[in-house]
Amino acid sequence: MPYERVILGPRYALRLENLQATDAVEVECPACRRRALVAPHKLHDRFAPFERMTQICRRMRCRRCGNSGDMNWNIVRAAPQAPR
Ligand SMILES: [Zn+2]
C-alpha cells in the first residue's frame with residue numbers, strides 16, 4: 001500500500017493518541033539507514049496514549065545495528081488506491 005507523509009502539527013506536541021489507524025511511523029536509523037514502518041497498535045502495546053512521539057522515538061532501538069536515541073522519524077498515512 002502506498003504511504004504519503006503527513007504533518008499532524010508540531011513534532012514536539014505530537015502524542016501517540018494523535019495517530020490514526022491508517023497512520024504509521026516511518027523510522028530510519030541514522031547509523032545503518034535501516035528503515036521500518038511501525039503501526040500505531042504496536043506502539044500502543046508499549047506506550048501510553050498521552051506519551052509524546054519525540055519521547056517514544058527516542059526509546060526505539062534499531063534491530064539491525066542496535067543504535068538508539070536519535071532515530072529519524074516521520075508520520076505517514078496510507079494513501080487511498082487510485083480506482084482501476
Ligand atoms: Zn541501525
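## Ground rules

Two strands count as paired when DSSP finds at least two bridges between them. Strands themselves are DSSP runs of E with at least two residues, while helices are runs of H or I with at least four residues, and both are numbered from the N terminus. With that in hand, β2 and β3 pair up: four bridges join them, and they run antiparallel.

One caveat up front: this is a predicted model, so local features need pLDDT of at least 70 and side-chain atom pairs count only at pLDDT 80 or more, while totals for chains, interfaces and linings use all residues. Residue numbers start from 1 along each chain, following the sequence as written.

## The overall picture

The protein has two helices and four strands, and from the N terminus on they come in the order β-β-β-α-α-β. Along its principal axes, the C-alpha trace spans about 40 × 30 × 25 Å. The radius of gyration, taken over C-alpha atoms, is 13 Å, which agrees with the value near 12 Å for a compact globule of 84 residues. The globule rule here is 2.2 Å times the number of residues to the power 0.38.

Now for burial and contacts. A residue is called buried if 20 or more other C-beta atoms lie within 10 Å of its own, exposed if 12 or fewer do, and partly exposed in between, with C-beta atoms placed from the backbone. By that count, buried residues make up 13% of the 84 residues. Two residues are in contact if their C-beta atoms, again placed from the backbone, lie within 7 Å. Of the contacts with a separation of 6 or more, 73% are between residues 24 or more positions apart.

## The sheet

The four strands form an open sheet in the order β1-β4-β2-β3, with antiparallel pairing. β1 and β3 stand at the edges with a single partner strand each, so one side of each has no neighbour in the sheet. On average, neighbouring strands of this sheet are turned by 35° against each other, direction ignored. The axes behind that angle are lines fitted to C-alpha atoms, for helices over the stretch in contact, and angles run from 0 to 180 degrees between N-to-C directions.

Going strand by strand, β1 (residues 3-6) is joined to β4 (residues 72-78) by four bridges, and Y3 stands opposite A78 in β4. Six bridges join β2 to β4, also antiparallel. There, A24 has V76 as its bridge partner, and V25 has I75. In the pairing of β2 with β3, E26 stands opposite L37. As a general point, side chains in a regular strand alternate between the two faces of the sheet.

## The β2-β3 hairpin

The hairpin of β2 and β3 has six residues between the strands. R33 sits in this loop, between β2 (23-28) and β3 (35-38). R33 has a positive phi of about 70° although it is not a glycine. It counts as exposed because only 11 other C-beta atoms lie within 10 Å.

C29 is in the loop between β2 and β3 too, but C29 is buried, with 21 other C-beta atoms within 10 Å. Leaving out residues up to four places away in sequence, C29 touches R34, C62, R64, C65, N67 and M71. C29 and S68 are 39 residues apart in sequence, yet their C-alpha atoms are 8.0 Å apart in space.

## The core, and a loop outside it

A nonpolar core is a set of buried Ala, Val, Leu, Ile, Met, Phe, Trp, Tyr and Cys residues joined through C-beta atoms within 7 Å. The largest one here has seven residues: C29, L43, M53, I56, C57, M60 and M71. Helix α2 (residues 53-58) supplies the largest share of this core, three residues. I56 touches L16, L43, F47 and E51, not counting residues up to four places away in sequence.

G69 lies in the loop between α2 and β4. G69 counts as exposed because it has 10 C-beta neighbours inside 10 Å. The C-alpha atoms of G69 and E17 are separated by 21 Å, with their positions 52 residues apart along the chain.
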